[in-house]
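Work through the exercises below with the sequence and the model at hand. Each task is followed by a solution in steps.

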Amino acid sequence: MKRQRGVALITVLLVVTIVTLVCAGLIARQQLSIRNAGNQLAISQAWQYALGGEALGQAVLLRDLKAPGVDPRATIDHPLESWAKPLPVFPIEGGEIGVAIEDLAGRFNLNSLVQDERRNDLAVKRFQRLLLRLKIDEPYAERLVDWLDKDQEPTGEYGAEDNQYLLMQPPYRTAGHEMQDISELRLLLGMTEQNYRRLLPYVAVLPGKVPLNVNTASAMVLSSLGDSLDPASAQSLLAGRGREGYKELRSFLDQPALAGTGVTAAGLGVGSAYYQVRSEVRLGDRRLVLLSTLQRDPKGVVRVLRRDTGQPGYLSSVAEPSGE
């Protein structure tokens with residue numbers, strides 16, 4: 001009898017142990033499920049806040065276009081306009097959101113190297129100068145022409161077409177058309193991460209014929225317009241903008257710093273239609289950065305062309321060369 005009672009006791013203890021383990025597992029899974037649901041909710045909230053920042057950027061650009069005295073067909077965009085002024089950080093429940101707008105036409109347009117299926121020699125020379133100013137020795141200008149054009153003839157001594165890219169691991173081909181995203185620059189033959197990051201603040205991917213806005217271009221980019229220019233001397237071109245920017249290209253070309261440089265109006269402008277809105281959301285210990293490329297047309301429509309959340313905090317970590 002005592003032996004049977006001992007066996008029964010052991011059986012009860014085993015059952016209790018098994019039930020305890022099963023309950024502990026269920027509780028752990030329930031906690032994990034609750035945590036996952038909380039994470040998904042936080043991610044969804046951060047995304048909606050970021051879209052709100054994008055919508056704010058659209059509204060600011062639209063308001064600028066409809067300001068009194070502005071001709072929508074010939075806008076003059078400069079750094080002292082309302083869209084370019086730093087916006088305050090907006091507090092939200094559990095965090096904050098910051099929004100900043102940048103004129104992408106103030107950067108060098110990589111797609112300008114090939115226009116109407118032909119090499120644009122003027123743009124190539126300007127890009128070569130920009131590489132020189134940034135202390136980049138690789139022949140990326142020639143390779144970018146080959147990346148964009150449709151033929152398979154290498155440009156100059158340092159060009160690269162499909163036959164070289166197919167030797168890569170994994171192999172791939174040149175695009176043969178305009179770049180759609182700045183990240184494609186990483187695929188260029190010989191492109192290093194260091195050089196990519198060095199170029200990133202000064203280049204953009206826009207339709208090939210979009211001109212450089214001299215009112216918003218940095219001294220580094222403006223110095224690429226002529227051989228005798230450098231970022232230090234180009235600083236006077238920034239000062240020449242005054243409080244209202246260059247209203248026409250003639251006033252820009254008449255600046256003393258450009259005398260004798262041979263810089264022409266080709267590929268230059270004083271306005272823009274393409275902008276980047278950076279919406280940065282901090283929600284608790286989470287951080288989301290949304291980069292939205294917007295197009296503003298003269299009819300008063302601001303379109304979202306692309307969104308990028310793949311490089312959070314990337315731009316703020318780029319080390320800029322001195323003299324800008």
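**Exercise 1.** Determine how many residues of helix α3 (residues 140-148) are buried, and which elements they pack against.

Solution. Step 1: 9 of the 9 residues of α3 are buried, where buried means under 20% relative accessible area with a 1.4 Å probe, protein chains only. Helices here are DSSP runs of H or I with at least four residues, and strands are runs of E with at least two, numbered from the N terminus. Step 2: the buried residues include Y140, R143 and W147. Step 3: the buried residues of α3 pack against β4 (114-115), β5 (118-119), α2 (121-133), α4 (162-165) and α5 (193-199); contact means heavy atoms within 4.5 Å.

The model is predicted, with local features needing pLDDT of at least 70 and side-chain atom pairs pLDDT 80 or more, while totals for chains, interfaces and linings use all residues. Residues are numbered from 1 along each chain as its sequence is written, and side-chain values use heavy atoms, leaving out hydrogens and water.

**Exercise 2.** Describe the surroundings of N109 in strand β3 (residues 108-109).

Solution. Step 1: N109 counts as buried because its relative accessibility is 5%. Step 2: leaving aside residues up to four places away in sequence, N109 touches A204, V205, L206, P207, G208 and V210. Step 3: N109 and V210 are 101 residues apart along the chain, yet their C-alpha atoms are separated by 7.5 Å. Step 4: the side chain of N109 reaches the backbone oxygen of P207 at 2.8 Å. A polar atom of that side chain also lies 3.2 Å from the backbone nitrogen of N111.

Key. Buried means under 20% relative accessible area, exposed over 50%, partly exposed in between (1.4 Å probe, protein chains only). A polar contact is a pair of N or O atoms within 3.5 Å; within protein, one must be able to donate a hydrogen and the other to accept it, and residues adjacent in sequence count only if both atoms are side-chain atoms.
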